[in-house]
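Me: I have a structure to look through and would like to learn how to read it step by step. Could we go through it together, one question at a time?

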Amino acid sequence: MITHAKPVVAFDLVIFGGTGDLAMRKLLPAMFRRFLDGQLPAPCRLIGVAREQQSTDTYRQRVSEALRKAVKEDDAIARIDAFLGMVSYHPLDATSDTGWEDFAQDLKSIEDHVRVFYLSTSPGIFVDICERLRQHGLNGEGSRVVIEKPIGHDLASACEINDAVGAVFAENQIFRIDHYLGKETVQNLLALRFANVLFEPLWNAAHIDHVQITVAETVGVEQRGPYYDHAGALRDMVQNHLLQLLCMVAMEPPASLNADTVRDEKLKVLHALKTIDAGNAGQVTVRGQYRAGSANGQSVPGYLEDLGSPASDTETFVALKAQVCNWRWAGVPFYLRTGKRMPHRVSEIIIHFRDIPYSIFAESSGRISANKLVLRLQPDEGVKLWMMAKYPGPGGLRLQSVPLDMSFAEAFGVQQPDAYERLLLDVVRGNLTLFMRRDEVEAAWKWIDPILAAWAESPDSPRSYTAGTWGPSASVALIERDGRTWHDDDH
Ligand code: NAP
């Protein structure tokens, strides 16, 4: 395996919520992989914090079990003990003053480390944590804070969180994470658009017919029912992940990769989105909720059974048609779709080019499909460019659509790093390019809030769809009314 890992400066990573699902499943395994690649300098400290009383030894044992689930190779497993030497645990209740003095002293025992505070807890205690970090002088220049979605459940609550965190940390110390931006394919979108001459001249309404962004999960709500029922797919996925992907596709070429330059361009896209409200939500949005069906060949219950509740109007599926109102994208719909209990787990962006203006081929040569550029974020990150080619051999000129297929894993001979690996080290480096700025999060909510209001006013409930299907039939109708179809045939 070829690696080009550059070590970062020594740092302390404090994970508030260090015993939680995200810490155990994503954050600590991500740090372990960076350790295996030799990217963590020896004096780094990884400190788990939660209320539960337990010793560092017990915590290390739990981390070790989590790493064994995440990493399968024998030579990696053999290095778990060396990694655990960096890991410690500090019991602390973020909502109480007890224990903070000792915790602060411990951190300050090494002054020159970059300090990263990862708030992997419910947003309800972000303010408590930040306020106590300030009281104990832990918010100085070398400190950074990472906040996870959801950043609020509407514009007003997002502003409250941003105000509270912003009262303690400067904007350039705040890393609002959207792990989709850490995915290789998303960064490759920058490379594809701005490191090649091929695509940018075509990247506009004159050559692109429409764009589709699909983020489909096969899982249901699992144990997250109580959280999810207050959120729904629009808040949980569209407000952050799908809109961020839309921005990366639609933004103008930034003058540099400087964080604010890129984020300025993304913000302009959010500001250019056509409002969806009670006047048009019925035509351009579809919400659905899964009923019992099947997933991975097994029968699965519906959303209400998963939730253990007789009724809920929370959507587990959204499809919508967004419009970016500017010169580049006038008249080019962006169809966004996300849902739980879909037939496949897939996240992809499809750039659907226009049809050729005139065909010189006989009808017997076959149908000429428009070119499609498919950027797949998961699984198997990669890029496919669908092109027309001649079917080989004699027998007349027969045309067929074939993909130029680039799997990144095959092309570069490396396993794709998990998004958190990249993003956590970007935090240490102080590189904000792949993190959301305050005004982006708020602009996204400003667009989402009228959709939520329109749905709340509507007498209609989410439409049912059977688990294991691509959502309600109204989602198919949404795109077919425009003479287009969802790109579902390649999974
Ligand atoms: P979780 O499994 O419920 O873990 C919550 C953690 O917070 C636990 O370690 C808990 O430990 C700790 N905690 C709760 N109250 C505390 C307090 N007063 N003081 C200190 N620690 C406290 O949650 P999660 O799934 O890891 O998610 C964490 C955050 O990331 C949430 O905001 C979630 O929305 C977001 N997120 C999660 C995922 C994911 O895949 N899990 C993905 C995206 C975003 P104690 O109870 O012992 O204190």
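Me: Is Asp-426 buried or exposed?
Reply: Keep in mind as we go that this is a predicted model. A residue counts as buried when its relative accessible area is under 20%. Asp-426 has a relative accessible area of 1%, so Asp-426 is buried.

Me: Which residue does Asp-426 meet in a salt bridge?
Reply: Look for a side-chain nitrogen of Lys or Arg within 4 Å of a carboxyl oxygen. The N to O distance here is 3.1 Å. The partner is partly exposed, with a relative accessible area of 43%. That partner is Arg-429.

Me: Why are Arg-429 and Asp-426 separated by about one helical turn?
Reply: Both residues belong to helix α15, which covers residues 419-429. They are about one helical turn apart because the spacing between them in that helix is 3 residues.

Me: Where are Arg-132 and Asp-128, the side chains that meet in a salt bridge?
Reply: Their N to O distance is 3.5 Å. Arg-132 is buried at 11% relative accessible area, while Asp-128 is partly exposed at 25%. The two are 4 residues apart, about one helical turn, in helix α6 (residues 126-135).

Me: How many residues apart are Arg-354 and Asp-209?
Reply: These two form a salt bridge, and their closest N and O atoms are 3.6 Å apart. Arg-354 sits in the loop between β13 (346-353) and β14 (372-378), whereas Asp-209 is in strand β7 (residues 208-216). The pair therefore links distant parts of the chain, and the separation is 145 residues.

Me: Of that pair, which residue counts as buried?
Reply: Compare each value with the 20% limit for buried residues. Arg-354 has 35% relative accessibility and counts as partly exposed. At 16%, the buried one is Asp-209.

Me: How many salt bridges does a search of the whole structure find?
Reply: Salt bridges can also join up: Asp-260, Arg-263, Asp-264, Arg-437 and Asp-439 are linked in a network. For the whole structure, the search gives 34.

Me: Why is the sulfur of Cys-325 too far from Cys-247 for a bond?
Reply: A disulfide needs two cysteine sulfur atoms within 2.5 Å. Cys-247 holds the closest cysteine sulfur to that of Cys-325, but that sulfur is too far away for a bond because the distance is 14 Å.

Me: How many disulfides does the count come to?
Reply: Cysteines do occur here, including Cys-44, which is buried at 3% relative accessible area, and Cys-325, which is partly exposed at 47%. Even so, with the 2.5 Å limit between sulfur atoms, the count of disulfides is 0.

Me: Let's turn to the ligand. How many residues surround the ligand?
Reply: The closest are Thr-19, Asp-21, Arg-25, Arg-51 and Thr-121. By type, the shell divides into 7 nonpolar, 7 polar and 7 charged residues. The number that surround the ligand is 21.

Me: Which helix gives the largest share of the shell around the ligand?
Reply: The largest share is 3 residues. They come from residues 21-36, which form helix α1.

Me: What share of the ligand's exposed area does the protein bury?
Reply: An oxygen atom of the ligand is 2.8 Å from an N or O atom in the side chain of Arg-51, and a ligand nitrogen is 2.9 Å from a backbone N or O atom of Ala-94. Taken alone, the ligand exposes 880 Å². Of that, the protein buries 75%.

Definitions and conventions: Residues numbered from 1 in each chain as written. Predicted model: local features only at pLDDT ≥ 70, side-chain atom pairs only at ≥ 80, totals over all residues. Heavy atoms only, no water. Near = heavy atom within 4 Å. Polar contact = N/O pair within 3.5 Å; in protein donor to acceptor, adjacent residues only side chain to side chain. Areas by Shrake-Rupley, 256 points an atom, 1.4 Å probe, with all protein chains shown as cover. Nonpolar A, V, L, I, M, F, W, Y, C, P; charged D, E, K, R; others polar. Buried < 20%, exposed > 50% of the residue type's maximum accessible area, 1.4 Å probe, protein only.
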